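Subject: Structure handover

Hi,

Here is the structure we talked about. Please open it alongside this note, which goes through what was found.

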Amino acid sequence: MTTPMLEIRDLHATAGETLILKGIDLVIQPGEVHAVMGPNGSGKSTLANVLAGKPGYEIVSGSVLFEGRDLSLLAPEQRAREGIFLAFQYPVEIPGVSNMYFLKQAVNAVRAHRGIEELDAMEFLQLAREKMKLVEMSDALMSRSVNEGFSGGEKKRNEILQMALLDPKLAVLDETDSGLDIDALRVIANGVNALRGPTRAMLVITHYQRLLDHIVPDFVHVLSGGRIVKSGAKELALELEEKGYGWIQAESAAG
Amino acid sequence: MPNESLEQLATRDYEFGFTTDIEMDIVEPGLSEDVIRFISAKKGEPAWMVEWRLEAFARWQKMVEPHHWAKLSYPPIDYQAIRYYAAPKKKIQLDSLDELDPELRRTYEKLGISLDEQKRLAGVAVDAVFDSVSVATTFKKELEKHGIIFCPFSEAVHKCPELVRQYLGSVVPVNDNFFAALNSAVFTDGSFVYIPPGVRCPMELSTYFRINASETGQFERTLIIADRGATVSYLEGCTAPQRDENQLHAAVVELIALDDATIKYSTVQNWYPGDAEGKGGIYNFVTKRGKCAGKRSKISWTQVETGSAITWKYPSCILLGDDSVGEFYSVALTSKRQQADTGTKMIHIGKRTRSTIVSKGISAAHGQNSYRGLVRIQKGADGARNYSQCDSLLIGSECGAHTFPYLEVANPTAKVEHEATTSKIGEDQLFYCRQRGLSEEDAVNMIVNGFCKRVLKQLPMEFAVEAQKLLGVSLEGAVG
C-alpha cells in the first residue's frame, strides 16, 4: 500500500490552554475529498489550524503524518511549501500590500522550495490571469491591498485563487461556504472542483450540507466533542441535513 | 589621475577655501571663541561669517540643552570633550571588496547596492571610480548650463556671499534652539543649492550628491534656495549603513521657496544605531526647517529614519506665502535600544495655506518611538487646512509608541483633521503570510512596507526600492 497523503492517529490537541481534539483518527489518500462536519465548538477549525501549524495550537499526543513525515516538526511556512494549503474561514487583511505582489511572493517562495524557477512579474501575471478565470475574479481585486475592503465572497474567491496558484497536495478548506450567497457559493465550488485531481487531496470543513451539494465528497466524517463519531459516504451528509447533529451526539453519548 | 579616488577628488574641492598660514589640521577638544575663529580661518571665511558664528556661540552659551520635553533618555553630553575641527580624513583604501568586512558586504548586498556603489562606499580604488568621476563632471556641466549653483557650503561663502548672507539663518535663527546655535557656531561644511528663477532642476540632486558624499561631518549645514518659479528635488543620505567616530551630530537644514517655487527634500538616515544594548550609536539632533516665503510655493519633506541611537528631528514648514503648501511624510523605525522623538511643525501664516502630515512609526525590540507634531494656524491664515495622519506599528511587546500632537488654531475658518492609529503586527497576519509559504521575516517586511507605503511612494523611485529593503534589514533579528 502506498503512503497516505495524511495520516492522523489518536490526535489530542489544545487551543490555548484548552484540550479540544480528544483522539482523532483520519487517513486521507491522494485524490480523495473528505468532508468534516460537525456542530459549532466540535473542533473543526482546531483541526484545520493544527494541520497548518498555527501558533497557539499544540499537539499533546498522537501523531500527524504528511506523506509519512511528522508534521509537528515543520514550521507553518515549511508545511505550506511542502504542499499543505489552508483556505481561511476569515482571510486576513494586509493594508498597503497589493494582492498581486503578495500572491507572487507566495508563489515564488513555494516554487523556490520545490526547486522550480521563480516567476518574474510578467510570467506571474500570465499565470494569475489564467487562474483568476477559475473563480471569475476581476483585475481590480489584484491591484488592491490583500483582502482590504473585499466583500465576503471576494475574500473567499481570493482564497481559492491562492490555492490554484500554489498548487498544493493537500487543501484544507475551513468553512469556505460561510458568509456566501448561493451565486458566490457556486463560483467557489466550481473553482474547487476544477482543482480536484488524482494527486491532490482535500479536507472540506463545513457546518452545512449545502456546500457538499456542489463539492461532492468521497467520505464524510462527523466531528463531535473533539472526536470523529461517525464516518460514511456522501449520503451521511444528507442524513445530517435531515436529522441535525442531535441524533449523532445522542448516539455517540449512548454508545 | 587614474589612481585618484573620489575621496581625494571631493576633498580637493574643499581646498579652495583653505588658507595656508594655519598649519594645524586638528584642534584640541573644547569649544571657545578661539576655536571658532580657528575654524573660520581654516575655511578662509570673510569677517561677517566669523561674526555670525561668534554671535551664535554667545547665544549658545546662555542656552541649556533641551533635555526635559523630548521623550528621550541619554547621558549628559560633555561639550568641552568634543573636538570641533579635524581636517577631512581620507578613508583607508582597500584594494578590492574582498578586504571589506563581510558583515558590511552582506548588508550592502541585501540593500541591493550596486557593485560600483559598494566600491565607492568602501573606498576601493578601481577603474569604476573613473566612470563616476566623469558622470559627476557631466552633471556639473549640465547644472551650470541652467545657472544652478550646487556646491559645498564653504565654497558658496566665496562664490556667492550675497546669497549666503541674505539667507543663512533666515529660517533657523542662530538662537533658535540649543543644537542649532551650536551648529551655527561650529559647522564645518555642508551643501548649498541655488535654483534661479523659472528653472526646473533637470535632475534629482541625489545622484550627484551621493557620488560626492564622503565625510558628511558632525555639524553639517545645508541651505537650499529656490527662486521664483523654480523647482528642485534634493536627496540626502544613503541607505548604506554609516558609521562615524563622532557620536554627536547636530545638523541644520534651511530651505527657502519664493513665489511659485517647489522644494522636495528627501532623507534616508541610516547612521549607526548602536548594538543590541544601545552602546555606541549616533546621537542625531537635527534642525530642519523650510520657509514657504512666496505665494503658491511648496515645500515637501520626506524622511525615512532607521538609524541613530537617538533621533531628535522635526522637519518643519513656515507657510508664510498665501496659498503655500507644506508636506511632511515620515517613516521612523526604532529597533534594538533606539529612541526617536520626531515629527514636524506646520506654521500656517498665509491665507489658504495647506499642510499634510503623514507619519508612520515602527517600533520593534526595545525601540521607543514618539511622534511630536505641531499644527499652528495663525490669526491671518484664513481658510487654512491641515490633514494629519499618525500611525504606529508595534512589533513585539518590549517596544513603545507615543504620539504627542499639538494643535493651536487662532482662525475660525481653518479646517484641521487628525487621525491616529496604533496597531500591533497581528499574529493572524503573520500566520496568514506564513501559511502561504513566506518566512516570518519576509512576512514582517511585507507588512511593514505595506504600512509605510504612503510615505515610501513619495521617494524617488530608485530610492524607494532601497528604502524598502533598508526597513527589512533594520528589522533583522527583531522578530521571532
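The lining of the second largest pocket divides by class into 11 nonpolar, 8 polar and 7 charged residues. Please keep in mind that the model is predicted.

The space in this second largest pocket is about 790 Å³. Its lining has 26 residues. Closest to the pocket centre are Tyr101(A), Asn445(B), Met446(B), Asn449(B) and Gln468(B).

Both chains take part. From chain A, strand 7 (94–98) and helix 3 (99–113) each supply at least two lining residues. From chain B, helix 12 (440–456) and helix 13 (461–474) each do so too. Which element gives the most to this lining? Helix 12 of chain B does, with 9 residues.

Now the cavities. The count comes to 4 cavities of 30 Å³ or more. The largest cavity holds about 90 Å³ of space. It is lined by 13 residues. Ser359(B), Gly361(B), Asn369(B), Ser370(B) and Tyr371(B) are the closest to its centre.

Four entries from chain B are worth finding in the viewer: strand 14 (354–364), strand 15 (368–377), strand 16 (385–395) and strand 17 (400–409). These are the elements that give two or more residues to the lining of the largest cavity. By class, that lining has 3 nonpolar, 8 polar and 2 charged residues.

Best wishes

Key. Residues numbered from 1 in each chain as written. Chains lettered and ligands numbered in written order. Predicted model: local features only at pLDDT ≥ 70, side-chain atom pairs only at ≥ 80, totals over all residues. Heavy atoms only, no water. 1 Å grid on protein atoms, 1.4 Å probe; cavity = no way out; pocket = protein on both sides within 12 Å on 5 of 7 lines; lining within 4 Å. Points joined across faces, edges and corners; volume = space filled by probe spheres on them. Nonpolar A, V, L, I, M, F, W, Y, C, P; charged D, E, K, R; others polar.
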